[in-house]
Amino acid sequence: SINSKMPLNSELLSKLCCPNCGNDLRYDESSAMLLCTVHDCTFRIEKNVPIMLPDSKQAASFDYLEHYKTDAEQFDYFEAQTGATEHSERRLREYILTQIPSSAKSILDVGSGSAWVAKKFHGSDTFVCWLDATIVNTSKALEKYPSAKHAAVVADAFKLPFKPATFDCVVAAEIIEHVPDPAAFV
C-alpha cells in the first residue's frame with residue numbers, strides 16, 4: 001500500500017529522473033506519486049520506495065525482471081548465513097568495500113539484496129541508494145537501516161531513473177548473473 005504519511009527522501013528526489021525520457025520529476029504529495037514534468041509518466045510510491053520501472057521492457061530471451069522478482073520472493077536475502085557461505089560472502093564483501101573510494105559521498109547499490117552496503121555506511125554522512133527490481137528487498141532494507149542518508153528505488157538497471165553523474169560510486173555485486181546482457185549492463 002502507498003504510504004503518504006512519510007515524506008519521500010529529498011536527497012533521493014533530487015537525483016531522480018524519468019526512466020522513460022530522462023526528464024525531471026515532481027513529487028505530488030497529495031497522491032504520493034512522482035510525475036514526469038514533460039510527459040504523462042507517473043510512478044507510484046510504496047513503503048517510501050519509488051517504483052520506477054520503465055514503460056517498455058528491454059527485449060530479452062527471458063524476462064529477467066520477473067525472474068529476479070521471483071528470486072527475491074523465494075529467497076530471503078536478509079537471512080543469516082553460516083559456515084562456508086557466511087565466510088565467503090564476508091570475504092567478498094570486505095574486498096568490495098575496500099574498492100569504494102573514501103571520498104565517495106553517494107553510492108548506488110544495484111541489486112542491493114540484503115543491503116550490506118548500507119549496513120557498512122549506516123550512521124555515516126554517505127548517501128546510499130538501493131536499486132532493486134522488487135519492493136521486497138528495498139522495503140526490508142529501509143526498515144532494517146532507517147536513515148535520512150538511505151533511500152531505495154525499484155527500477156530496471158538498463159533504464160536507470162537517475163540524472164547523469166549522480167553517484168560517486170556504483171556497487172553491483174552478485175547481480176550480473178541475473179541480467180540478459182552483461183556487457184550492456186556494465
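Tutor: Helices (H or I, at least four residues) and strands (E, at least two) are DSSP runs, numbered from the N terminus. The model is predicted: local features need pLDDT of at least 70 and side-chain atom pairs count only at pLDDT 80 or more, whereas totals for chains, interfaces and linings use all residues. Residues are numbered from 1 along each chain as its sequence is written, and side-chain values use heavy atoms, with hydrogens and water left out.

Student: How many helices and strands does the protein chain have, and in what order do they run?
Tutor: The protein chain has six helices and eight strands. From the N terminus on, the order is α-β-β-β-β-α-α-β-α-β-α-β-β-α.

Student: What makes strand 1 and strand 2 a pair?
Tutor: Two strands pair if DSSP finds at least two bridges between them. Strand 1 (residues 25-28) and strand 2 (residues 33-36) have four bridges, in the antiparallel sense, so the criterion is met. Arg26 has Leu35 in strand 2 as its bridge partner. Four residues lie between the strands of this hairpin, and Ala32 takes a positive phi near 55°.

Student: How do you know that strand 2 also pairs with strand 3?
Tutor: Three bridges join strand 2 to strand 3 (residues 42-46), so this antiparallel pair satisfies the definition too. Leu34 stands opposite Phe43 of strand 3.

Student: Which strands stand at the edges of the open sheet, and why?
Tutor: The open sheet has four strands in the order 1-2-3-4, with antiparallel pairing. Strand 1 and strand 4 (49-50) each have a single partner strand, so one side of each is left without a neighbour in the sheet.

Student: Why is the contact between Asp24 and Lys163 called a salt bridge?
Tutor: A salt bridge requires a side-chain nitrogen of Lys or Arg within 4 Å of a carboxyl oxygen of Asp or Glu. For Asp24 and Lys163 the closest N and O atoms are 3.7 Å apart, so the pair qualifies. The partners are 139 residues apart: Asp24 is in the loop between helix 1 (10-15) and strand 1, and Lys163 is in the loop between strand 7 (150-154) and strand 8 (169-171). By this rule the count comes to six salt bridges.

Student: What makes Asp28 buried and Arg26 partly exposed?
Tutor: Buried means under 20% relative accessible area, exposed over 50%, and partly exposed in between (1.4 Å probe, protein chains only). Asp28, at 18%, is therefore buried, while Arg26, at 45%, is partly exposed. Their side chains meet in a salt bridge (3.9 Å, N to O).

Student: How do Glu46 and Arg44 stand against these definitions?
Tutor: Their N to O distance is 2.5 Å, so they form a salt bridge. Glu46 has 16% relative accessibility and counts as buried; Arg44 has 40% and counts as partly exposed.

Student: What makes a set of residues a nonpolar core, and which members of the largest one touch the most others?
Tutor: A nonpolar core consists of buried Ala, Val, Leu, Ile, Met, Phe, Trp, Tyr and Cys residues joined through side-chain atoms within 4.5 Å. Of the 28 residues in the largest core, Leu12, Leu25, Leu34, Cys129, Val153 and Phe162 touch the most other members. Strand 1, strand 2, strand 3, strand 5 (106-110), strand 6 (127-132) and strand 7 each supply at least two residues of this core. Strand 6 gives the most, with three residues. Apart from this core lies another, of 22 residues, among them Val49, Trp116, Ala118 and Ala152.
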